[in-house]
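User: Please take a close look at one part of this model, the nonpolar patch on its surface and the helices that supply it, and tell me how the charged pair on one of those helices is arranged.

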Amino acid sequence: MLKQKKKLRGKLLFPALIGIQYLNIPNVYAAEKDPLQVINNLSNLMASIITTFGGIVLMFGIVQIGLSFNSHDPSQRVSGVMTFVAGVILTCSKAIVDRIT
């Protein structure tokens, strides 16, 4: 039984190794792109992630404010307003940074 598993594993491993050898993997060279463009792309990616996270926080703040009105809880209302403002700031962070610089 053990010998059969080893033979089967060997029969499956060889075609996989041959297939990996012929994959069409593009070459990546660091000298092809401008380093500033790479940094700008990374900056844009981070800004979009922060903006998306800000939108989620903004929606959570709105839900928290709505629940505070339903339960008549002033501390939850304050927490909801602070979460809402934080979401607005995170959502507009790219525009704020662009405006400052």
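Analyst: Isoleucine 89 has a relative accessibility of 48% and is therefore classed as partly exposed, in a model that is predicted. This residue lies in helix α3, and it belongs to a nonpolar surface patch of about 670 Å², to which Ile62, Val81, Phe84, Val85, Val88, Ile96 and Ile100 also contribute. The elements that give two or more residues to this nonpolar patch are α3, which spans 74–91, and α4. Of the contributors, α3 gives the most, with five residues.

Helix α4, residues 93–100, also carries the charged pair, aspartate 98 and lysine 94. These two residues form a salt bridge in which the closest N and O atoms are 3.9 Å apart, a distance that falls within the 4 Å cut-off used for such a pair. By this rule, the count comes to one salt bridge. As a general matter, side chains of opposite charge can pair when their charged atoms come close. In this helix the spacing along the chain is part of the picture, because aspartate 98 and lysine 94 are four residues apart in α4 and are thus separated by about one helical turn.

As for their surroundings, aspartate 98 counts as partly exposed, with a relative accessibility of 45%, and lysine 94 is likewise partly exposed, with a relative accessible area of 32%.

Definitions and conventions
Residues are numbered from 1 along each chain as its sequence is written. This is a predicted model: local features need pLDDT of at least 70, side-chain atom pairs count only at pLDDT 80 or more; totals for chains, interfaces and linings use all residues. Side-chain values use heavy atoms; hydrogens and water are left out. A salt bridge is a side-chain nitrogen of Lys or Arg within 4 Å of a carboxyl oxygen of Asp or Glu. Buried means under 20% relative accessible area, exposed over 50%, partly exposed in between (1.4 Å probe, protein chains only). Patches are made of residues with over 30% relative accessible area and no salt bridge: like charges are joined within 9 Å, nonpolar side chains (Val, Leu, Ile, Met, Phe, Trp, Tyr) within 5 Å. Accessible areas come from the Shrake-Rupley method with a 1.4 Å probe; for residues, only the protein chains shown count as cover.
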